[in-house]
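Grab your viewer and let's work through a few ring-geometry exercises. Have a go at each task before you read its solution.

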Amino acid sequence: MQLRRLPETLVNQIAAGEVVERPASAVKELVENAIDADATRIDVTVIDGGQTSITVSDDGIGMAPEDLSLCIERHATSKLPDDDLIDIRHLGFRGEALPSIGAVSRLSITSRTEGANEAWCLNVEGGRVSDPQPAAHPKGTRVEIRDLFFATPARLKFLKTPRTEMNHVTETMKRLAMAHPAIGFTLSDGTRRRLDLAPEQGELFEARLGRLGTIMGRDFADNALLIDAERESIRLTGYAGLPTFNRGNAALQFLFVNGRPVNDRMLYGALRGAYRDFLASDRYPVVALFVTAPSELVDVNVHPAKTEVRFRDAALVRGLIVGTVKHALAEAGHRAATTVADAALGAVRTGGQALPMSRGAGRYGRFPSSNPSISPGLSDAAAQFGAPLPGLAAAPAAPMATNDWAPVDEAESIDDPGEYPLGVARGQLHATYIVAQTADGIVIVDQHAAHERLVEERIKRGLAADGVARQGMLIPEVVELEDAGAERLLARAPELAEMGLVVEAFGNGAVVVRETPALLGEIDIQGLVQDMADDLAELDDAIALRDRIGDVCATMACHGSVRAGRRLNGEEMNALLREMEATPHSGQCSHGRPTYVELKLHDIEKLFGRR
Amino acid sequence: MKLTIERAALLKSLGHVQSVVERRNTIPILSNVKIDAGDASVRLNATDMDLDIVEAATADVSTPGSTTVSAHTLYDIVRKLPDGAQIDIDAAGDGQVVLSAGRSRFTLASLPTDEFPVLSGGELPHQFTLSAAELRGLIDRTRFAISTEETRYYLNGIYLHKAESDGTALLRAVATDGHRLASVEVPLPAGAEEVPGVIVPRKAVAELRKLIDESGDEVAVSMSESKIRFAFDDAVLTSKLIDGTFPDYQRVIPAGNDKVMEVECKSFADAVDRVSAISSEKSRAIKLALSGGTLVLSASSPEHGSATEEIEVAFDGDELEIGFNSAYLLDVTRQIEGEMARFTMADAASPTVMQETDDTSALYVLMPMRV
């Protein structure tokens with residue numbers, strides 16, 4: 001059999017398989033071109049999920065007719081002026097997108113530069129290029145793709161339903177739009193607008209938060225923490241959601257490197273590491289983070305669709321993300337998501353049919369008059385509020401209520417809740433929940449969850465201060481791994497030693513464990529080390545070890561904390577509230593569940609139809 | 001089958017037998033105890049397929065025969081019957097066993113005897129006799145170090161094997177959980193010259209230990225590569241052995257340790273116990289600082305504060321500071337019956353050897369903790 005060179009068209013079709021996988025990838029390439037062309041507004045129309053036509057028009061710098069014929073040649077680009085693959089400043093740089101798309105579809109490009117008299121139009125059909133023709137078009141470029149993949153029927157067959165493909169296009173557009181808030185984006189499916197994002201005004205953070213809010217929902221803007229940090233010329237900006245504002249999957253985690261949406265395992269691993277103490281392993285935080293690095297420190301040329309990147313110093317970026325996000329979460333302290341309160345309000349039953357109002361009505365006056373915030377609608381608590389209050393009332397005692405409602409003696413309670421974010425304890429319900437009054441609402445605290453979190457934080461502080469004690473192995477355990485796994489593990493050996501696990505190399509692909517964290521007692525070392533090697537491969541973090549230490553801390557905290565059902569007096573309750581205010585992360589338990597719910601007065605007023 | 005037995009006799013035997021039976025079983029017959037009535041005696045048999053115990057008790061048998069009933073239920077009933085009661089057991093063979101004592105009457109469900117598993121005997125070629133005291137010493141002074149981590153199954157028992165020291169043949173028991181090791185030896189009994197090294201599982205050790213105290217002076221041991229049998233006056237315990245290789249423990253017993261400390265064991269144990277009250281509940285770390293004739297024990301924790309205690313020791317060597325898990329230290333000191341204990345150390349990262357000064361038949365190795 002003889003070797004031969006493949007014809008140009010076939011070469012382009014093969015290349016197209018790498019770059020243009022589905023309509024969404026074509027949209028991505030074209031929109032990126034538009035962004036690189038300094039457009040301020042980009043309109044995309046996708047019909048039949050991109051099978052019939054995709055049109056992208058922008059108001060960017062446009063192309064002169066001679067550039068037009070060149071742009072559909074392979075590896076022709078205006079974006080590498082110095083032939084320097086290290087210093088990449090545009091989203092595109094390979095010159096592959098247009099020829100690839102042209103090779104598998106009917107492509108038409110119309111463009112006019114600033115100040116030119118007329119626009120020019122060029123048609124490509126399955127790789128065959130026509131000469132540029134004069135045409136009518138305002139400043140900017142309009143690219144129209146019809147019959148995508150008509151030249152590669154195999155690819156055509158693998159397309160999903162138009163609806164699915166449209167969803168992919170929408171996702172792609174959203175990601176690009178998040179990274180470029182100053183540009184207006186629209187996406188239409190021919191009959192209606194799927195996205196309509198006006199250009200955001202103002203400085204970068206404001207604009208970005210506006211854009212993120214539009215895309216990810218208003219809740220995000222209310223429950224996100226501003227991230228802004230810089231380390232050795234790498235800058236991390238963006239917003240990180242509060243741990244209590246979490247999701248069941250990673251769909252709302254958006255990561256960008258130099259304005260480019262990426263799907264990078266290392267970065268996701270760093271995020272997981274940052275939120276590890278605050279979320280159960282099956283819950284995911286909501287974040288949008290933007291890494292800006294000088295182009296010589298990051299290689300974007302590692303993936304055909306550029307969704308993966310490589311940093312020269314990955315550990316630095318990782319450390320930056322973990323450190324900054326953790327710091328921001330710590331500063332947020334005891335904040336719990338506002339959505340928690342919304343959920344609570346949603347659960348409130350209104351209407352009086354279940355409330356013993358006839359009995360309760362007479363007692364209402366016994367509450368301090370400044371206390372309209374305690375809602376009789378809170379389902380569980382409701383009945384108890386209607387009942388007599390033994391501590392306050394000299395009224396005949398009602399036996400049913402004495403066990404469940406322990407009010408704080410008025411004399412000992414502090415009367416000005418204004419100065420405390422979590423307010424002043426007013427009583428305890430069911431010997432489990434503390435009700436506190438704040439300046440503008442009420443707070444309900446789950447005493448066990450809250451105290452458990454406080455104790456756990458204390459234990460962790462102790463561990464961090466003293467280091468993890470390590471028990472030496474009399475008979476060191478040899479663990480067989482594959483070569484790469486062992487190397488990854490050994491590369492992190494100093495860090496692991498800090499956490500109490502001492503590993504050393506033991507020939508090819510094996511490690512020997514010499515010391516283990518003393519607080520874990522006798523452990524399944526084989527299993528632990530295997531898990532860690534997998535974690536390192538997948539997420540670049542030894543999560544298994546941290547988790548096990550965390551589990552032990554959590555168990556100790558659980559045993560060492562006030563249980564539900566324990567009666568607390570007013571001073572104890574107030575002390576708990578004050579400590580929660582002073583302790584970082586006290587707003588959620590280690591599984592991301594809230595430790596308290598705050599209801600604002602205006603929320604309560606809404607419940608009663610006062611607003 | 002029909003017999004009459006005194007409550008006390010039945011309770012004693014049943015007490016040994018029922019603890020072998022697991023609380024929950026997927027095979028129903030394993031919940032049962034087999035009652036075998038012969039001439040003037042009754043044999044009780046229980047098994048979990050790995051461990052089998054047979055115990056004999058005197059009884060007044062009117063019709064020989066056998067049956068099986070739930071071990072835990074029977075034990076529960078017998079326990080609650082009044083002292084001195086005479087118990088009649090009658091198995092008519094219709095799947096029911098009637099138990100009556102005084103004015104109480106119980107009808108228990110029974111399963112056919114032929115379903116009851118027999119731990120196949122096989123040949124047990126090596127036979128020797130140990131005194132109860134020797135066996136007790138081998139078990140008591142090693143069992144605390146048995147590993148509970150199931151993934152290292154070969155450490156989940158006591159390694160019983162033949163050894164030699166200074167020309168004397170010995171029978172040695174060794175247990176380790178990877179953090180500490182205990183080794184106890186007795187002179188090799190006659191008949192044990194060819195014994196293979198075997199690992200006796202933890203559950204068998206626990207059951208065996210219960211039997212020693214209530215039996216005579218001698219225990220007949222017989223074993224093969226896969227099974228071991230301990231025969232007492234009334235009871236016979238047969239266990240499968242752990243099919244694994246015990247690590248080469250000799251290598252981890254340091255020979256070159258040159259820093260020797262002698263301390264009065266009781267006061268040392270008490271001091272460790274006191275000082276460790278302060279160390280954190282999971283790691284139980286305690287520090288030993290040696291300098292001249294003084295040992296300073298100390299512990300600290302961010303939550304509870306710190307503690308120190310000084311005791312007089314005999315020590316000649318350079319200053320040394322070494323950390324241990326206090327629970328491990330106490331485990332060892334509890335085994336030492338003599339007055340003085342000797343610690344042989346090298347440095348803060350190497351294993352320490354502990355021994356009773358006057359009795360070198362037992363040796364303990366402890367890996368330090370790094371704090």
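What follows is a set of three exercises on aromatic rings, worked on a predicted model.

**Exercise 1.** Classify the contact between F144(B) and Y364(B), and work out which parts of chain B the pair ties together.

*Solution.* Start with the total: there are 7 aromatic pairs over all chains. For F144(B) and Y364(B), the centres are 6.0 Å apart and the planes make 45 degrees. An angle under 30 degrees would be stacked and one over 60 edge-to-face, so this pair comes out as tilted. Next, place the rings: F144(B) is in the loop between helix 3 (132-143) and strand 11 (157-165), while Y364(B) is in strand 26 (residues 359-366), so the pair ties together parts 220 residues apart in sequence. Finally, check burial, where the cut-off is under 20% relative accessible area. F144(B) has 16%, so it's buried, and Y364(B), at 2%, is buried too.

**Exercise 2.** Do the same for F246(B) and Y249(B): what kind of aromatic pair do they form?

*Solution.* Centre to centre you get 6.4 Å, with 70 degrees between the planes, which makes the pair edge-to-face. F246(B) is buried at 7% relative accessible area, and Y249(B) is buried at 3%. Now add Y159(B): together with F246(B) and Y249(B), it forms one aromatic cluster.

**Exercise 3.** Switch to chain A: over which rings do the charged ends of R247(A) and R578(A) sit?

*Solution.* Take R247(A) to begin with: its charged end sits over the ring of F245(A), 5.6 Å from the centre. Then R578(A): its charged end sits over the ring of Y420(A), 3.6 Å from the centre.

Definitions and conventions. Residues are numbered from 1 along each chain as its sequence is written. Chains are lettered from A and ligands numbered from 1 in the order in which they are written. This is a predicted model: local features need pLDDT of at least 70, side-chain atom pairs count only at pLDDT 80 or more; totals for chains, interfaces and linings use all residues. Side-chain values use heavy atoms; hydrogens and water are left out. Rings of Phe, Tyr and Trp (its six-membered ring) pair if their centres lie within 6.5 Å; planes under 30 degrees apart count as stacked, over 60 as edge-to-face and the rest as tilted. Helices (H or I, at least four residues) and strands (E, at least two) are DSSP runs, numbered from the N terminus. Buried means under 20% relative accessible area, exposed over 50%, partly exposed in between (1.4 Å probe, protein chains only). A charge sits over a ring if NZ of Lys or CZ of Arg is within 6 Å of the ring centre and within 35 degrees of the ring normal.
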